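Student: Could you walk me through this structure, one question at a time?
Tutor: Gladly! Have a look at it here.

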Amino acid sequence: MNTEQPLYLQQEPAVRERFARIREREVILEVKHLGKTYDSAQGPVHALKDINFRIHRRELICVIGPSGCGKSTLIRMLAGLDNHSAGEILLDGKSVDGPGSDRGMVFQGYTLFPWLTVKQNVMFGPRMQGQGKTQAEREALQWLELVGLEKFADAYPHQLSGGMKQRVAIARALVNQPRILLMDEPFGALDAQTRAKMQAHLLDIWKNIDLTILFITHDLDEATYLADRILVLKAHPGEVQEFIEVPVPRPRHPGQNLTEAYRATKARLEELIHPPEPPASEEEEIKPHLIRLTRVNDNVE
Amino acid sequence: MAKQRWFSIRRDMTPRARLALGIASFLLPLLLWCIVSYVPFVWHPKVLISDPGAVDYMEPGMLVDKDVFNDEVRNMRQEKLAPPKGSPANPVYLPAPHEVAKAFYTAFTTPPAQSDDPWLHQSLWHSIKIIFWGFLLSSVIGVPLGIICGTYGRLARLVEPFIEFFRYLPAPAFGALMVAILGIYDGPKVAIIVIGTLFQQVLVIANTARKLDFTLLEAAMTLGTTRFKLITHVVVPGILPDLYRDQRILLGWAWTYLIVAELVGTSSGITWFITQQARYQHFDNVYAAIMMIGILGLGFDLLLARLGKRLFPWDQATGKA
Ligand SMILES: Nc1ncnc2c1ncn2[C@@H]1O[C@H](COP(=O)(O)OP(=O)(O)OP(=O)(O)O)[C@@H](O)[C@H]1O
Ligand SMILES: [Mg+2]
């Protein structure tokens with residue numbers, strides 16, 4: 001092994017072999033010179049600039065970056081919910097224009113249709129594509145079983161916990177058999193325990209079906225635990241900083257967070273996201289002005 | 001403790017407490033009315049003459065002001081003549097509860113003064129029909145237009161400014177115009193209710209449609225929903241419980257236009273009944289008829305609220321409405 005290489009770039013032979021195999025798979029999503037400019041009252045805002053990357057079939061990609069670097073903007077353009085101002089998005093070689101069922105999306109907030117039962121929510125996609133009711137129902141139940149919620153098929157969303165809602169949202173997106181599943185901080189609103197369960201569950205699903213995932217998060221552990229590769233963005237303007245191949249071998253399990261590969265990767269991410277000398281960004285310029293509102297000798301520390 | 005309970009903010013209460021408070025909200029005004037009617041020293045500015053005594057212009061059953069009565073009593077005493085006798089009474093326009101209650105019954109059982117005039121229940125039925133057609137017509141136009149305005153920003157911009165202007169024009173002002181166009185019978189009455197309701201309806205429903213969480217629409221789009229199916233499969237079901245609540249409020253609005261509408265052209269329905277009775281100073285009948293409108297409106301609204309709970313099991317707000 002080359003010892004001059006940083007630790008996070010050193011891959012075990014099995015891991016290296018796996019990445020070689022991934023690279024041979026067909027490209028599902030290709031993004032070329034993608035850019036997004038918002039017109040705001042203070043003039044144009046360059047949210048994203050010249051983004052390039054490729055995702056192969058059955059890869060699990062995580063996107064991380066500081067707040068406001070354009071992660072949501074990126075995924076919304078991929079989903080077709082926002083227009084891009086420059087460049088190209090190619091899904092299976094075809095240019096993306098507007099939203100479609102070939103790209104599933106799971107949002108951070110809860111977006112289940114409150115007027116439909118869990119089962120009807122999952123049936124929504126197939127029904128919109130003109131599938132018959134019985135066929136759609138059969139498929140919905142199958143996917144609900146996969147996320148472990150077949151017992152709640154006839155419950156309404158407001159009767160579910162946050163984690164359960166996101167499971168249904170995943171089933172609802174997957175029933176359409178999308179080419180790629182886009183997830184924008186889907187577990188961001190969940191507590192730590194539920195979140196860990198959902199991560200393991202997502203890996204299980206991903207292992208068992210032909211599924212490509214692009215997953216946005218701001219949690220470095222989540223990214224390192226889930227991803228094959230991590231796309232690191234930087235802010236102002238949003239650009240690709242590095243596309244890291246995660247050297248942690250699969251199958252993943254929570255115990256791996258003590259291994260060298262894991263720690264090296266996380267250290268590298270820390271370094272990229274929180275550089276030692278932070279440039280003054282908008283966020284940092286907000287300095288709270290603290291005044292003391294308690295008696296002088298009433299100290300808590 | 002008790003104070004805390006009365007002023008606890010948005011707390012759920014037991015069904016019994018809800019029922020008790022609901023009944024109390026009717027009993028309190030009734031109690032006030034009873035006090036004013038039955039406790040002789042509360043208000044009672046008039047005197048009901050039972051025996052005119054020697055006062056030549058007084059007759060039994062006449063209502064006179066208390067001051068006049070007291071003057072006459074003093075006069076008669078000075079002249080050593082028989083003073084008039086009477087009991088404290090309220091003016092004719094404030095009948096006592098039991099009188100109105102009786103009128104409530106007799107109004108339905110008394111045949112109309114002229115044989116070709118309608119009975120009270122016929123008048124009421126006529127009013128209900130006017131409301132029904134007016135509200136139906138208004139809704140057929142207003143609900144779809146409101147939903148479209150709430151969904152498509154450009155169309156809203158094209159339609160709403162004019163409607164915003166038009167809704168300030170008082171509906172009754174169109175009475176004469178409507179009679180000229182639609183004749184003197186039910187046409188102009190229905191039209192007044194439509195004019196009074198429609199413009200508010202479009203704006204209220206457009207606002208409701210706009211409040212639908214946009215990410216629901218986005219989620220539907222990523223599931224392959226086409227633009228047109230978005231309205232029928234997401235917007236409409238998404239706002240339905242709120243739309244239903246809006247319609248209930250707007251129906252109340254339509255009722256308030258009823259009286260004006262029925263005065264247009266040939267007076268008809270419950271309004272005709274009320275004006276007739278007021279002309280003969282049968283104020284007990286007037287109150288009975290006014291209350292009949294309230295009871296009908298409230299009863300219908302309660303019915304709709306019940307129905308709403310059945311129709312929208314997923315909606316958490318209807319449970320409390
Ligand atoms: N509609 C808009 N108009 C103007 N600027 C916008 C608009 N939407 C986003 N931006 C800007 O684009 C940049 C990227 O926003 P985006 O929401 O994609 O960030 P993000 O990486 O998802 O942040 P977070 O981690 O907080 O979710 C931000 O600087 C934001 O101010
Ligand atoms: Mg975001």
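**Around the ligand**

Tutor: Near ligand 1 (a heavy atom within 4 Å) are Tyr38(A), Ala47(A), Ser67(A), Gly68(A), Cys69(A), Gly70(A), Lys71(A), Ser72(A), Thr73(A) and Glu185(A). This is a predicted model, where local features need pLDDT of at least 70, side-chain atom pairs count only at pLDDT 80 or more, and totals for chains, interfaces and linings use all residues. Residues are numbered from 1 along each chain as its sequence is written, chains are lettered from A and ligands numbered from 1 in the order written, and side-chain values use heavy atoms, without hydrogens and water.

Student: Which helix gives the largest share of the shell around ligand 1?
Tutor: Helices here are DSSP runs (H or I, at least four residues), numbered from the N terminus. The one that gives the largest share, 3 residues, spans residues 71-79 of chain A and is helix α2.

Student: How far is an oxygen atom of ligand 1 from an N or O atom in the side chain of Lys71(A)?
Tutor: We are looking for a polar contact, a pair of N or O atoms within 3.5 Å. For Lys71(A), the side-chain atom is at 2.7 Å.

**A buried arginine**

Student: Which side chain of opposite charge is nearest to Arg252(A)?
Tutor: Arg252(A) sits in the loop between β10 (239-245) and α8 (260-273) of chain A; strands are DSSP runs of E, at least two residues. Arg252(A) is buried (under 20% relative accessible area, 1.4 Å probe, protein chains only). Lys and Arg count as positive, Asp and Glu as negative, and a salt bridge needs a side-chain nitrogen of Lys or Arg within 4 Å of a carboxyl oxygen of Asp or Glu. Arg252(A) has no salt bridge, and the nearest opposite charge, 4.9 Å away, is Asp228(A).

Conventions: Polar contact = N/O pair within 3.5 Å; in protein donor to acceptor, adjacent residues only side chain to side chain. Buried < 20%, exposed > 50% of the residue type's maximum accessible area, 1.4 Å probe, protein only.
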